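Colleague: Could you take me through the sheet in this one, and what sits around it? I'd like a close look at that single part.

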Amino acid sequence: MIAAYFKYLFRSGNQHSIHSPFLFELYTQVISVRKDNNPDYVALKSLRKELLASDEEIEILDLGAGSRVDKSNFRKIKTIARNAEKPAKFGRLFNRLIQRFQPHTILELGTSLGLTTLYMAKAKPDADLITFEGCPETAKKAKQHFDKFNANNIEIVLGNIDQTLPEALKRMNRVLDFAYFDANHRFEPTVQYFEDCLPYIQNDSVFIFDDIYWSEGMTKAWEHIKAHPRVTLTVDLFWIGLVFFRTEQVKEDFVLRF
Ligand SMILES: C[S@@+](CC[C@H](N)C(=O)[O-])C[C@H]1O[C@@H](n2cnc3c(N)ncnc32)[C@H](O)[C@@H]1O
């Protein structure tokens, strides 16, 4: 990842390297915004602080990359908050992206403690947000956080995403406007989840892939997604990759500073 990060620093540009008007507006007005004061952020920040200090232990069932499937262990909430939760600047970015694109249906693959879910849910309380988690104890904690924040637009789907995602997409039977893929960080599941979701997209759908350089498999998955014929525009921010399907857009891949 270190080598990939140096490569990213070398290759990444800013607004001056963007010639697409759509992306220029998105980058200057949404992606690279530094100060966005939103009252929800104060409460979310204090929840994160609380979790980062929590010695409570829960039993973990990790169905993701590097895990020993079907083998559980115990982990402190503060360890999960430190290692699995996406930092606040990404939650704020997703909040701004949702405000910009106004999705009706949002999916999150990989809930964990639900912090990023809350950043997304609060951006559009009338959107339906379905979040998927495989670990029952982790999902239980996330549910407590959603209740605490009165986030009534979130549904948690418990189980292995390999099965729960296709089932939920079929049951949902409507357009998927926004999806954040942050669960099983391996090549096959990442590509499989992407392909499961594709039949449900519309022209302005937005997909976000997490940890695109986390491993060789994830880098390969990112390359596969970029090359997919339905994908027109991608934005590599190193820690995450944004994917767009706008048919009016010339196919192009950008690497930008975040
Ligand atoms: C990196 S964390 C998600 C972090 C969260 N999206 C955030 O930004 O705060 C990944 C989560 O995905 C879950 N997960 C991994 N593989 C899964 C699978 N195959 N099915 C269901 N959940 C899975 C893990 O239990 C873990 O809680």
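Modeller: Sure, here is the sheet, strand by strand and then with its surroundings. Bear in mind that this is a predicted model. The sheet is an open one with 8 strands, and reading across you get β5-β4-β3-β6-β7-β9-β8-β10, with mixed pairing. At the edges are β5 (154–158) and β10 (252–255); each has a single partner strand, so one side of each is left without a neighbour in the sheet. From one strand to the next, the twist averages 15 degrees.

Let's zoom in on the β5 end. Strand β4 (residues 128–133) runs parallel to β5, and 5 bridges join the two. If you want a spot to click on, Glu133 stands opposite Leu158 in β5.

Now for the helices. Helix α5 (residues 88–101) packs on the sheet and touches β3 (105–109), β6 (176–181), β7 (201–210) and β9 (240–244). The direction of α5 makes about 170 degrees with that of β6. Helix α9 (residues 187–197) lies across β3, β6 and β7, and α9 also runs at about 170 degrees to β6.

Strand β4 turns up again around the ligand: along with α6 (115–123) and α8 (161–172), β4 gives two or more residues to the shell there. That shell counts 22 residues, the closest being Gly64, Lys86, Gly110, Thr116 and Gly134. Sorted by class, the shell has 7 nonpolar, 8 polar and 7 charged residues.

Terms used
Residues numbered from 1 in each chain as written. Predicted model: local features only at pLDDT ≥ 70, side-chain atom pairs only at ≥ 80, totals over all residues. Pairing = 2+ DSSP bridges. Helix = DSSP H or I, 4+ residues; strand = E, 2+ residues; numbered from the N terminus. Axes fitted to C-alpha atoms, helices over the stretch in contact; angles between N-to-C directions. Contact = placed C-beta atoms within 7 Å. Near = placed C-beta within 6 Å. Nonpolar A, V, L, I, M, F, W, Y, C, P; charged D, E, K, R; others polar.
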